[in-house]
Amino acid sequence: MKRTSLLFSVLMGISLLSCSDDPSTGNPVEEVPRLNITFIMDVEAERLDNLGNPASVPEGNAAQSPDFKVLGLHFIGLYPDQFTSYDDGVNIASTATTGSGGALAIDFDSEVFFNEEINTLSVPLSYVKAGSYEYFRASVGYQKYEIIYNLEGAETEIPDWPAGVDDNIDVDGIVASFLGYNTYIGSYVLEDQTVTVNGNKAQGYFGLETKGNIQGFAFIQLTQGETVQTTVPNPISDTSPVPEGSCVVTGQFPSALVIPANATEDINIEVIISINNSFEWEDGNGNGKFEPLLGETVVDMGTRGVFPSVVD
């Protein structure tokens, strides 16, 4: 997969791009100018570090570009310039927080989730403060995607693994990762497995599920863990830092986004989010394969850059 388009679910004041009828008359509702934001997860976009500089995979590590299934956001904002503080941006969308787990945390169930069916979020331009905006920000709270990993070590780590069956096998695994500063999770679904948490999880928590049938031996493997770090590209960190521990990614428009005071036409934005080698691990034996059953650990699963632009 080179590029995956994903969908925002509906929030109050936010709608999908579609025509609708007035329920009282059955007539089409009068159209109003809208801000339409299209999100694209791109494996070929530039790979950046925390400061927005180009970054390669460090020596001793390996990485792969995941096949995205779902992405959840906690916040979307527009910022006039590099000196605008995080709290002073224009809020386009935000979701609930909760104290149910003790400390204040993002409410996972309230996040805005994408999937692969539709890829455009639409808000009336009358909801957006008129002005000129150079920067776009989004708080990435949740990611669900497919990776490939190797079962080396299954002979000792997976119960009832058949004697004499080679475990040097590449398999698909489903990952659910939580990147917000703190997330309250009731439960989440991987593929077949539902993981119940009923508490807070700090940034970097993830679950990994694999199922397969090896020479007639059917198995499901569920692993939970946490990453060492999460890359959060912010090219204006010196003048406009984001909250510590958050996953608020920042990108600059090639030319400023202008929201007129009395807009008469739609404004369309394309936001490319880089997942270029975004799933990274310590490659203990240097073979370029992710082998968690041999003790190889995930070191990073953050997005690797956000690139907004105004399109026709």
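Is Asn213 buried or exposed? In this predicted model, Asn213 has a relative accessibility of 52%, and because the threshold for exposed residues is over 50%, Asn213 counts as exposed. The residue is found in strand E15, which covers residues 205-214. Leaving aside residues up to four places away in sequence, Asn213 touches Ala218 and Phe219. Its C-alpha atom is separated by 27 Å from that of Gly284, and the two residues are 71 apart along the chain.

From this exposed position we can turn to the interior. The largest nonpolar core holds 57 residues, and those touching the most other members are Leu35, Phe39, Ile92, Phe136, Leu151, Trp161 and Phe279. Strand E11, residues 131-150, gives the most to this core, contributing seven residues. There is also a second, separate core, made of eleven residues, with Tyr142, Tyr188, Leu190 and Tyr205 among them. As a general backdrop, nonpolar side chains in soluble globular proteins tend to be buried together.

Strand E5 offers a good route into the strand pairing. E5 spans residues 67-79 and is mostly covered, with eleven of its 13 residues buried. Asp67 is found in this strand; at a relative accessible area of 24%, Asp67 is partly exposed. The C-alpha atoms of Asp67 and Phe253 are separated by 26 Å, with their positions 186 residues apart along the chain. E5 is joined to E11 by eleven bridges, and the two strands run antiparallel; here Val70 stands opposite Lys144 of E11. Three bridges join E5 to strand E9 (residues 112-114), again in an antiparallel arrangement, and Gly72 has Phe113 of E9 as its bridge partner. With E6, E5 shares four bridges, and these strands run antiparallel. In that pairing, the bridge partner of Gly77 is Asn91 in E6.

Which strands make up the open sheet of three, and in what order? The order is E4-E19-E20, and the pairing is antiparallel. Strand E4 (61-64) and strand E20 (298-300) lie at the edges, each pairing on one side only. Neighbouring strands of this sheet are turned by 35° against each other on average, direction ignored. Strand E19, residues 279-282, is joined to E20 by two bridges, and the two run antiparallel. Within this pairing, Trp281 has Val298 of E20 as its bridge partner.

A second open sheet has four strands in the order E7-E8-E13-E14, and its pairing is mixed. The edge strands here are E7 (97-98) and E14 (194-202), each of which pairs on one side only. Strand E8 (residues 105-107) and strand E13 (residues 182-189) run parallel and are joined by two bridges. Asp107 has Tyr184 in E13 as its bridge partner. In general terms, strands of a sheet pair through backbone hydrogen bonds, either parallel or antiparallel.

Aromatic side chains add a further layer to the picture. The count of aromatic pairs comes to 19. In one of them, the ring centres of Phe75 and Tyr86 lie 5.6 Å apart and the planes meet at 55°, so this pair is tilted. The pair links distant parts of the chain, eleven residues apart: Phe75 belongs to strand E5, whereas Tyr86 is in the loop between E5 and strand E6 (90-94). How do the two partners differ in exposure, and which of them is buried? Phe75 is buried, with a relative accessible area of 10%, whereas Tyr86 is partly exposed, at 21%. The cut-off explains the assignment, because buried means under 20% relative accessible area.

One aromatic cluster is formed by Phe68, Tyr145, Tyr149, Phe279, Trp281 and Phe290. Phe279 in this cluster is also one of the residues that touch the most other members of the largest nonpolar core, and Trp281 is the residue that bridges to Val298 in E20. Aromatic rings also meet charged groups in this model. The charged end of Arg137 sits over the ring of Tyr79, 4.9 Å from the ring centre. Likewise, Lys201 lies over the face of Tyr205, at 4.8 Å from its ring centre. Tyr205 is itself included in the second nonpolar core.

Notes. Residues numbered from 1 in each chain as written. Predicted model: local features only at pLDDT ≥ 70, side-chain atom pairs only at ≥ 80, totals over all residues. Heavy atoms only, no water. Core = buried A, V, L, I, M, F, W, Y, C linked by side-chain atoms within 4.5 Å. Buried < 20%, exposed > 50% of the residue type's maximum accessible area, 1.4 Å probe, protein only. Pairing = 2+ DSSP bridges. Axes fitted to C-alpha atoms, helices over the stretch in contact; angles between N-to-C directions. Phe/Tyr/Trp six-rings, centres within 6.5 Å; stacked < 30°, edge-to-face > 60°. Lys NZ or Arg CZ within 6 Å of the ring centre and 35° of its normal. Contact = heavy atoms within 4.5 Å.
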